[in-house]
Number of protein chains: 2
Amino acid sequence: MATIPSFHVTRSERRIGWDRTAAPALVVPSGAELTFDVIDSSGGQLTDTSTLQDVANIDFAQVDPFHGPVFVEGAHPGDILHVDLLEFMPKGYGWTANMPGFGLLADEFPEPWFHVWELGPKRAQFVKGISVPIEPFCGVIGVARDEPGNLDVIPPRRTGGNMDSKQLRAGTTLYLPVEVEGALFGLGDTHAAQGDGEVCGNAIEAPMDVTLRLSVRRDFTLETPEYEFVRPLERASAAEAGYYVTTGIGPDLLEATRDAIRHMIDKLERSHGLDRYEAYALCSTAVDLKISEVVDQPNWVVAAFLPRDLFA
Amino acid sequence: MATIPSFHVTRSERRIGWDRTAAPALVVPSGAELTFDVIDSSGGQLTDTSTLQDVANIDFAQVDPFHGPVFVEGAHPGDILHVDLLEFMPKGYGWTANMPGFGLLADEFPEPWFHVWELGPKRAQFVKGISVPIEPFCGVIGVARDEPGNLDVIPPRRTGGNMDSKQLRAGTTLYLPVEVEGALFGLGDTHAAQGDGEVCGNAIEAPMDVTLRLSVRRDFTLETPEYEFVRPLERASAAEAGYYVTTGIGPDLLEATRDAIRHMIDKLERSHGLDRYEAYALCSTAVDLKISEVVDQPNWVVAAFLPRDLFA
């Protein structure tokens, strides 16, 4: 970073739940640059020394804390909070878990599963011959809703939150619709890498330092978050190595997504020697999802893209 | 092409509907190379001289013919038909229509709309300052189902058909699960370019010559089509120019997709001066769709990606 950030949000300044009446952790002017020392999505329950038993005992009430809220001076309902995502610095390790009862194929993966990733400068090792490129971002980023109560942090909403959108990386500009005075911005759930969909329910969950700039705009309006970036959508090594693609075809997009992932798990078993839990976790951390067709009634097509650069 | 194709399927050798008892247009050995002279998806009802009245009068019973069926010797139920897609050569023009009653936002776009595209070597002009890169593929490609009757050509099925999957371009290898003797392969609905989803119901619909190779494999099994390619997923000009992204967030993936497209139509109106029908058509021909998150109950996130290289 060329400039020293002006504001800092600590690891302990975090909360569970979006509440329009929450006291701000920090008040900043529009244009402020901030760093956040972000705890992992388990709120510190899982670390690089955790066991399967720790996964089985996870307390969901502590999951997905966000840091903040940050009150941005001059942000009023109807404005846009313009977020320049500047830097994501992971801290050496990450974890991926299958938590029973959670995930796209929860019924088919009833057992706890856990993997600790050592994060190198460019890649995280999975099993022999397979590694995942590091592309850090934050899963949770948003502002408070103008609704009463302490809103659950798991579902994303029109003001953002747990969007788990992997393009929210350094260099992306995110626009959030402000609903309350000061916006009450928060972020958390940092991921060292994730596939579209985050299908097993976890990415490479990794504590990290995040730097960003918050500004208020009112030259346009939004109904839900929008974002933009000037860079490729795919990394260079994936563009060179290409993709293997599976499909799900049917009248329900969610079930078609499940089928595309089931078929990708089959592919990873038959061609790459993974067991089903490993394959499910690799889909969640590295396989992307597209909607190929959504007009040819009654059947839609969802496609899952396996980038070949995972394989050494 | 280095070699002269051995087999040819003419413009008139086409049918409406998948029928396991249909007489083959052609019988070929495994490994044969074929060219197809593909009529447009309207079956010739719309051309570069058509009018809005022609769109309003479209006979849906003639839509989406496919060329074939081709009987591949040695293909038995349970085998895989391996399709090497070799070349797509458009014939100078294409069209995009909004056909009342058809499309993702049919209720919001009740009027017929029609645009003829002149296809240059690399791009097709839309309106002043906006053009779409040409990336030709076939929307319909598949084999017969082992089901009685003449099956409607509009919905894709586990044996493929109207998949409208834009990655099925030259250089892609497609695997189709064979259900009947000889596979009974067919293709049609060629597109000069399409966005994921084909949201208005039409891409840049364009007659073209298609060359491919058909081979029989039985070293693995499939439930639905799969494909692979060694090339970038995104074109170089889009990778350089970047993207603007809108979202749809909610408990139903289809409605979230509609919202993401509605928000992209708003963006194209407010920032690029298009009217709503033009914006809807540009989404259908050039905007891509991802499922960003599908585990944070009860709300999922669908994202629509506008590549900035459309703008001169």
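Two residues are in contact here when they have heavy atoms within 4.5 Å of each other. Keep that cut-off in mind for the exercises below, and remember that this is a predicted model.

**Exercise 1. Describe the interface between chain A and chain B, from its extent down to single residues.**

*Step 1, the extent.* Start with the contact cut-off: 67 residues of chain A are in contact with 67 residues of chain B. The area buried between the two chains is about 5,500 Å², and carbon and sulfur atoms give 56% of that area.

*Step 2, the main contributors.* Now look for the three residues that give chain A its biggest share. Lys290(A), Ile291(A) and Val295(A) supply 11% of the area that chain A buries against chain B, more than any other three residues.

*Step 3, the charged and polar pairs.* Six salt bridges are counted between chain A and chain B. Lys290(A) appears again here, in a salt bridge with Asp196(B) whose closest N and O atoms are 2.6 Å apart. Polar contacts across this interface join 35 residue pairs, with both residues at pLDDT 80 or more.

*Step 4, the elements.* On the side of chain A that touches chain B, the elements giving two or more residues include helix 2 (236-241), helix 3 (253-272) and strand 18 (288-293) of chain A. By residue type, that side divides into 34 nonpolar, 17 polar and 16 charged residues.

**Exercise 2. Find a place where strands of the two chains pair, and give the sense of the pairing.**

*Step 1, the strands.* Place strand 16 of chain A beside strand 17 (residues 243-250) of chain B: the two pair in the antiparallel sense, over four bridges.

*Step 2, one bridge.* To locate the pairing on screen, pick Glu226(A), whose bridge partner in strand 17 of chain B is Thr246(B).

**Exercise 3. Divide chain A into domains and work out how they meet.**

*Step 1, the bounds.* The domain assignment splits chain A into domain 1 (6-228) and domain 2 (236-310). Taken over C-alpha atoms, the centres of these domains are 24 Å apart.

*Step 2, the contact.* Domain 1 of chain A brings 33 residues to the contact, and domain 2 of chain A brings 23. Between them, about 2,300 Å² is buried, with 65% given by carbon and sulfur atoms. Leu104(A), Leu105(A) and Phe109(A) supply 26% of the area that domain 1 of chain A buries against domain 2 of chain A, more than any other three residues.

*Step 3, the pairs.* Three salt bridges cross between the domains of chain A. Glu108(A) and Arg262(A) meet through their side chains in a salt bridge of 2.7 Å, N to O. The count of residue pairs in polar contact between the two domains is 18, both residues being at pLDDT 80 or more.

*Step 4, the strands involved.* Strands 7 (93-98), 8 (113-118), 9 (123-127) and 10 (130-133) of chain A are the elements that give two or more residues to the domain 1 side. Strand 10 of chain A provides the largest share, four residues. The residues on this side divide into 17 nonpolar, 10 polar and six charged.

**Exercise 4. Take one salt bridge and explain which parts of the chain it links.**

*Step 1, the pair.* A search of the whole structure finds 46 salt bridges over all chains. Choose the one in which the side chains of Asp37(A) and Lys91(A) meet, at 2.4 Å from N to O.

*Step 2, the reasoning.* Asp37(A) sits in strand 4 (residues 32-38) of chain A and Lys91(A) in the loop between strand 6 (80-90) and strand 7 of chain A, so this pair ties together parts that are 54 residues apart in sequence.

**Exercise 5. Pick out backbone features that go against the general pattern.**

*Step 1, the pattern.* Most peptide bonds are trans, and most residues other than glycine have a negative phi.

*Step 2, the cis bonds.* Gly68(A) and Pro69(A) are joined by a cis peptide bond with omega about 0 degrees, and Pro69(A) belongs to strand 5 (residues 66-72) of chain A. In chain B, the bond from Gln297(B) to Pro298(B) is cis, with omega near 5 degrees. Pro298(B) lies in the loop between strand 18 (288-293) and strand 19 (300-307) of chain B.

*Step 3, the phi angle.* Asp64(A) is not a glycine, yet has a positive phi of about 60 degrees. Look for Asp64(A) in the loop between helix 1 (52-56) and strand 5 of chain A.

Technical notes:
Residues numbered from 1 in each chain as written. Chains lettered and ligands numbered in written order. Predicted model: local features only at pLDDT ≥ 70, side-chain atom pairs only at ≥ 80, totals over all residues. Heavy atoms only, no water. Buried area = accessible area lost by both parts, 1.4 Å probe. Salt bridge = Lys/Arg side-chain N within 4 Å of Asp/Glu carboxyl O. Polar contact = N/O pair within 3.5 Å; in protein donor to acceptor, adjacent residues only side chain to side chain. Nonpolar A, V, L, I, M, F, W, Y, C, P; charged D, E, K, R; others polar. Pairing = 2+ DSSP bridges. Domains from an automatic or database assignment.
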